[in-house]
Amino acid sequence: MKIRSGLWLGFWLVAASAAHAKPIAFADGTTVMAEYGAGTMKEVQVFYAPTYRYSLGGGHLSLRSDVDGRARDITYARINYLPKRWNLENAQANVFVWASAGRALVDDTDSVFAWNGGGQFDYETRRIYGSLRTDLHESSRYSHRIDTLQLGFAPYKHDYGTLAFWFVVQGRNYTGELYDGIEWAGLLRIFKGNAWLEAGATGDGKLQAMLMFNF
Amino acid sequence: MKKLSTLILACLVSGIASVIAPGIASAATIEMQVNGLVCGFCAQGIEKTLRKNPATTDVLVSLEHKLVAVATKDGSDIADAELRKALTNAGYDVKAITRTQNSLADLRKRVGVKGK
């Protein structure tokens, strides 16, 4: 049962990770994201950034387990904050933190208060990308933390307004007795202009995809 | 004789104007060296912010050259403080600002970036 629960959470959380590329666009910028995750997860998010330091918004996360049919529907409001950014000559690094609160409908019956807090450090050049993230989810019905490492490689240097390709490998460790071991996923990231598409598969071949727009 | 007087007067007015406001008519293109410019998707805010300025006619962003350039309307300029603020709001740091008489079209050719 523990393994089944872990797999279900794994599908959900691997899929959810793609949305966390960068939660703040730019001052007076709006970010819209939509995700489909391994047949078990759908999520939409909208954030508006009054300044480049923080963004406000909300989202809806719908989870359906294809293992045991368990369901969670979470509607939440969220704030993202950028406490530190390093703009280097050939790189950029960031520290993001966030917190959200909302309602979670568990198994289509119980509606409970749910909250989430997390942080991310990322480093990026035009050829390599790395991020380390921790995310804590709490409610009266569930509690878990997920630590995620993403490493990306671009086969060529893209420029502003040109098509960018990235290959991203992701490893994730679950705490709180959710899952033993690390789950891996491979993603292809493509973006041009204000559109971003990320698609890939988890270790067991399940599809995940994410679409994002900044404007 | 009347034509000659008009010509001399026009030259005098033009000369005085250039002495009084040397920065106004001189800026064809503003070039900025920018740190942190590594992601085209993330750099959209630069163009969006700079195009809001009424003096702006065109914007060029080059990740390869770590360059942001702005073409301004004839007789217009954008103050350095305003430029730095725009880039900061977009999430970046300006390293240096220079003004040239080169057109943005020429600059695009030089850095190999196509116009919109």
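Let me begin with chain B, which in this predicted model averages a pLDDT of 81, with 74% of its residues scoring at least 70. That average does not describe every stretch of the chain, since over residues 10–26 of chain B the pLDDT stays under 50, and for that segment the model has six contacts beyond four places in sequence. For the model as a whole, the scores are an ipTM of 0.78 and a pTM of 0.79.

Turning to the fold of chain B, you can count four helices and four strands in its secondary structure, and if you follow them from the N terminus on, they run in the order α-β-α-β-β-α-β-α. Of the contacts in chain B with a separation of 6 or more, 68% are between residues 24 or more positions apart. Chain B has 116 residues, of which 44% count as buried, and its accessible surface comes to about 6300 Å², with 61% of that belonging to carbon and sulfur atoms.

I would like to take one residue as a way into the interior, and that residue is Leu50(B), which is found in helix H2, residues 44–51 of chain B. Is Leu50(B) buried or exposed? Its relative accessibility is 3%, and because the cut-off for buried is under 20%, Leu50(B) counts as buried. Leaving aside residues up to four places away in sequence, Leu50(B) touches Met32(B), Thr56(B), Val59(B), Val68(B), Val70(B), Leu83(B), Ala86(B) and Leu87(B). As a point of reference for distances along the chain, His65(B) is 15 residues from Leu50(B), and the C-alpha atoms of the two are separated by 18 Å.

Since cysteines tend to come up in our discussions, let me mention two of them in chain B. Cys39(B) is buried, at 3% relative accessibility, and Cys42(B) is buried as well, with a relative accessible area of 14%. How many disulfides does the structure hold over all chains? The number is zero.

Now to the interface, where 28 residues of chain A are in contact with 26 residues of chain B. Between them, chain A and chain B bury about 2400 Å², and 54% of that is on carbon and sulfur atoms. Which residues in chain A lose the most area to chain B? They are Phe26(A), Asn87(A) and Tyr160(A), which together account for 31% of what that side buries. On the charged side of the picture, the rule finds three salt bridges across the interface of chain A and chain B. A salt bridge also joins the side chains of Lys95(B) and Glu89(A), at 3.8 Å from N to O, and I would keep in mind that the cut-off for such a pair is 4 Å.

That brings me to salt bridges in general, of which the structure holds eleven over all chains. In chain A, Asp110(A) forms one with Arg141(A), and the closest N and O atoms of that pair are 2.3 Å apart. This pair links distant parts of the chain, with Asp110(A) in strand E6, residues 110–124, and Arg141(A) in the loop between strand E7 (128–139) and strand E8 (143–153), 31 residues apart. Both partners are partly exposed, Asp110(A) with a relative accessible area of 33% and Arg141(A) at 39% relative accessibility. A contrasting setting is given by Arg189(A) and Glu198(A), whose closest N and O atoms are 2.5 Å apart in a salt bridge, and here Arg189(A) and Glu198(A) are both buried.

In chain B, a salt bridge forms between Asp80(B) and Arg99(B), with the closest N and O atoms 2.9 Å apart. Why does this pair tie together parts that are 19 residues apart in sequence? It does so because Asp80(B) lies in helix H3, residues 80–89 of chain B, whereas Arg99(B) lies in strand E4, residues 93–100 of chain B. Asp80(B) is partly exposed, with a relative accessible area of 35%, and Arg99(B) is partly exposed too, with 32%. Elsewhere in chain B, Glu47(B), Arg51(B), Asp58(B) and Arg108(B) are joined into one network by salt bridges that share partners.

Key. Residues numbered from 1 in each chain as written. Chains lettered and ligands numbered in written order. Predicted model: local features only at pLDDT ≥ 70, side-chain atom pairs only at ≥ 80, totals over all residues. Heavy atoms only, no water. pLDDT = per-residue confidence, 0-100. Contact = heavy atoms within 4.5 Å. Helix = DSSP H or I, 4+ residues; strand = E, 2+ residues; numbered from the N terminus. Buried < 20%, exposed > 50% of the residue type's maximum accessible area, 1.4 Å probe, protein only. Areas by Shrake-Rupley, 256 points an atom, 1.4 Å probe, with all protein chains shown as cover. Disulfide = S-S within 2.5 Å. Buried area = accessible area lost by both parts, 1.4 Å probe.
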